[in-house]
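Please open the model in your viewer, with a cartoon representation and a way to select residues by number. The tour below proceeds selection by selection, and at each stop it says what is to be found there.

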Amino acid sequence: ENFHKCGGFVFHASEAEAVAWVERMRSAERETPAVTYTIDNQAVVNTLMAAARESDNRQVILDLSAFPNRRYNQASGLESANWIRNKWTQLAGIRRDISVEFFNHPSNVSPQPSVIMTIRGSSLPNEIVVLGAHQDSINGGGSTLTAPGADDDASGIACLTEMIRVMTSKSFRPARTVKFMAYA
């Protein structure tokens, strides 16, 4: 509250209090893990990673940073959301197991839509994995000022976009449904 930070920020009055909190969280996780799974798909991951291209990742950052800003209530915020949707739709190609859509927020919350690409899972479609980054950018000096946001968060959207490019170019079909989200 004092620092006007997101909900992930936790303040502790002392180091001892912070350490005790971490230990309680670790203990609770050992007692009832939130999720149980194994990581056993390294061969596929390595193959996909080998296809990633820094130049494509950089180009998405440059393209998004070319907007004056991507603030949720500015025209360029809507234009950049359209750019992301069009890019992801192009990458999806003709695959019937992939959809790309806008999620329209109430207009008094955000006129900028979020973009959601869904790749339907091949064997566990009701289990959903969400990968996301925020698409907007802001200049703290004023809402209409230039805010290219290469690191806030064009880089996050670029990483998602490169994952999508690699997955679709390799015809990868995940077992679980994967939702890529560019949050407004």
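Begin by selecting strands β3 and β4, which pair in the parallel sense over 8 bridges. What you are looking at is a predicted model, and this should be kept in mind at every stop. Within this pair, select His134 and then Tyr183, its bridge partner in β4. Next select Val129, whose bridge partner in β4 is Val178. Keep Val178 highlighted, since Val178 is also the bridge partner of Ile119, and Ile119 belongs to the next strand to be visited, β2.

Now add strand β2, residues 114-119, to the selection. β2 and β4, the latter covering residues 176-183, pair in the antiparallel sense over 5 bridges. Besides the bridge between Ile119 and Val178, one can select Ile116 together with its partner in β4, Met181. Is β2 mostly covered or mostly open? Strand β2 is mostly covered, with 6 of its 6 residues buried. Colouring the strand by side shows that both faces are covered, as Ser114, Ile116 and Thr118 on one side are buried and so are Val115, Met117 and Ile119 on the other.

Extend the selection to strand β1, residues 98-103, which pairs with β2 in the antiparallel sense over 6 bridges. With this strand added, the sheet can be viewed as a whole: 4 strands form an open sheet in the order β1-β2-β4-β3, and the pairing is mixed. Because β1 and β3 (124-134) stand at the edges, each with a single partner strand, one side of each is left without a neighbour in the sheet. Looking along the sheet, you can follow a twist that averages 20° from one strand to the next.

Stay in β1 and centre the view on Ile98, which lies in this strand and stands opposite Ile119 in β2. Why is Ile98 classed as buried? Its relative accessibility is 11%, and Ile98 therefore counts as buried, the cut-off being under 20%. If residues up to four places away in sequence are not counted, Ile98 touches Ala92, Met117, Thr118, Ile119 and Thr168. A distance label from Ile98 to Gly121, drawn from C-alpha to C-alpha, gives 9.7 Å for two residues that are 23 apart in sequence.

The helices that lie across the sheet come next. Select α4, residues 75-92, which lies across β1, β2 and β4 and runs at about 170° to β1. Then select α5, which lies across β1, β2, β3 and β4 and runs at about 145° to β3.

With α5 (residues 150-169) still selected, add α3 (residues 54-65): these two helices pack at an angle of about 135°, with their axes 8 Å apart. α3 and α5 are therefore oblique to each other, and their crossing is right-handed. To see the contact, show side chains for Asp56, Asn57, Val60, Ile61, Leu64 and Ser65 of α3, and for Ala150, Ala154, Ser155, Ile157, Ala158, Cys159, Thr161, Glu162 and Arg165 of α5. Coloured by class, the residues of this contact divide into 8 nonpolar, 4 polar and 3 charged.

Two backbone details deserve a closer look. Most residues other than glycine have a negative phi, and most peptide bonds are trans. Select Asp152 and Asp153, where the peptide bond from the former to the latter is cis, with omega near 0°; Asp153 lies in helix α5. Then move to Ser171, in the loop between α5 and β4, where phi is near 55°, a positive value in a residue other than glycine.

Finally, zoom out to the whole chain, in which there are 5 helices and 4 strands. Traced from the N terminus on, the elements run α-α-α-α-β-β-β-α-β. Along the principal axes, the C-alpha atoms fill a box of roughly 50 × 45 × 35 Å. A colouring by burial will mark 30% of the 184 residues as buried. Of the contacts between residues at least 6 apart in sequence, 70% join residues at least 24 apart.

Note on methods. Residues numbered from 1 in each chain as written. Predicted model: local features only at pLDDT ≥ 70, side-chain atom pairs only at ≥ 80, totals over all residues. Heavy atoms only, no water. Axes fitted to C-alpha atoms, helices over the stretch in contact; angles between N-to-C directions. Parallel < 35°, antiparallel > 145°, perpendicular 65-115°, else oblique. Left-handed = near helix turned anticlockwise from the far one by under 90°. Contact = heavy atoms within 4.5 Å. Nonpolar A, V, L, I, M, F, W, Y, C, P; charged D, E, K, R; others polar. Buried < 20%, exposed > 50% of the residue type's maximum accessible area, 1.4 Å probe, protein only. Pairing = 2+ DSSP bridges.
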